[in-house]
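This briefing concerns the two chains shown below. It takes up helices, nonpolar cores and the contact between the chains.

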Amino acid sequence: MAAPHDSFWELERKNRRETALLVVVFILLFTALGCGLDFVFGNLRIIDDQITGVPLLTIIALVIGSIQSLVSYFGGAALVLASVHARPLLPDSPKEQTVLDVVGEMALAARMPVPRAYVIDDAAPNAFATGRDPQHSVICVTRGLIDEMDREELQGVLGHEMAHVRDYDIRTMMMIAVLVGGIAMLADFVYRWSWYGGFGARDGRGDRDSSSGGSGNAAALIAVAVFILAALAPIFSQLLAMAVSRQREYLADAASVEFTRNPRALLRALEHLAQTESPLKHASRGIAHLFIVNPLEGAGDDGEGFFANLLSTHPPLSKRIARLRAVAGEGGPDIAAVAVAGASPA
Amino acid sequence: MIALVILIVIAVYMVGVYNLLVRARNEVDNSWRQIDVQLKRRHDLIPNLVEAVKGYMQFERDTLTQVVEARGKAISAPDQASRVAAENQLTAGLGRLLAVMENYPQLKSDQNVMQLQEQLTTTENQIAFSRQAYNDAVLNLNNRIQSFPSNLIANNFGFKPAEYFKAAPEDQALPKVDLSLGTPHT
């Protein structure tokens, strides 16, 4: 729980703890589903109270997912930039020079190498960061952001993007994507094989467990559990992934304040963005989480119901603004009710 | 067997912490030097700026002179203390100059001046951020040196806490603001 007047240091610490917790839950879910499946198919067995065997299916799912993610990891920034039609940002005018300067300032404050700067020719103000690590990072802004934001707001926004680079958010979300993909793959596998009567057709292996007459029952119980898990896991993992994404957005907000030491910078920028919410022409669901505000059509980042929020990559703008107001020590709506860093999915 | 594994784990952990401390200390050194880099950048920018605005701002000779003199003192300062004092004076002088420039709208049409002003603004920001980065690096190092259990390793290998960058005493004095409507200035 975030108290009303937490410093950004405290907010960052809490955020990192919660992300770690969510990732652990993810890994447990993946392992449970995978190993449950392997039990059913006899890859894993319990002999004399010891687990033996190789969880083949779990490993296969992990390997396939990892290959997919390694491809995007190394292809990485180039693919993303091409998909949004970005081009390098050059100091063609004083405004662009200012943006480049602010990128440099934020890199200094973050104690990171200076990222490459790109620009998208879109009037909707937005920005995103990508790149596999700080040495290969890219920050991309839209035409709209350059034209509409003043220096202070730019510092807030670019500080937020710098934070994504520093905290390896791109890498974290990629790892989460591997796990989500792996879970979907395993769940899919369960359903395919259930059609072929895969379940309960493996009692032959169960006979090896000489000490219990209940091995058949245990196998059936595990099979049922796996079936239920396979039904629920995909949607649950999606919700978890979105929860992690939202956590990282809050963390990047707090880190932006750490860099600028000026909560009003990001606060003003977000208030400005709240007024001009408009979708980007070339953003896709896959990279939506990289932007500072949701770039998708009909994103309605402002509390459009409990379920919309659960599947959103970004927390509602109103909550982000409220948290920044709390850090800035300004008054506003009931801070304690809003600034809860863990009780609610947002 | 178990004892051996535990020992190996502890050894690996200790090596990890030691390397973390080394990195933290090097970051402190690096950020300290960064401040100097930014200060020198500022020294290099000032002559161009003064040259560019001189023509427009004939009545601000005092302000311009103060800036040029402070810069000279900063470059030729014999020791750290006088260097710091000169740099602070320079910061103050530049602040006044940038503020006064707002009174001359014709400056905005001069591209050269606008470019230099942006360069100066970003350099001032970078000086501030480099000091902040230094203090943050110091905070990071001191946290690790003082927290348990890394303090055990830190003390053993002679890591010492670093000192924060302090504002000069004159910076911390509250400026006197005189809002009285006394005799008008010419």
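Chain B has six helices and zero strands (DSSP runs, H or I of at least four residues for helices and E of at least two for strands, numbered from the N terminus). The model is predicted: local features need pLDDT of at least 70, side-chain atom pairs count only at pLDDT 80 or more, and totals for chains, interfaces and linings use all residues. Residues are numbered from 1 along each chain as its sequence is written, with chains lettered from A and ligands numbered from 1 in the order in which they are written.

**Chain B**
- Of the 186 residues in chain B, 22% are buried (20 or more other C-beta atoms within 10 Å of the residue's own, with C-beta atoms placed from the backbone).
- Residues at least 24 apart account for 71% of the chain B contacts between residues at least 6 apart in sequence (a contact being C-beta atoms, placed from the backbone, within 7 Å).

**Nonpolar cores**
- The largest nonpolar core (buried Ala, Val, Leu, Ile, Met, Phe, Trp, Tyr and Cys residues joined through C-beta atoms within 7 Å) has 100 residues, and those touching the most other members include A:L33, A:I139 and A:L158.
- Helix 8 (residues 215–260) of chain A gives this core its largest share, 17 residues.
- This core lies between domain 1 (8–73 + 185–231) and domain 2 (76–170 + 244–338) of chain A, because both give residues to it; the bounds come from an automatic or database domain assignment.
- Another core, of 13 residues, lies apart from it and includes B:L64 and B:L120.

**Contact between the chains**
- Chain A contributes nine residues to the contact and chain B 13 residues.

Methods. Buried ≥ 20, exposed ≤ 12 C-beta atoms within 10 Å, placed from the backbone. Contact = placed C-beta atoms within 7 Å.
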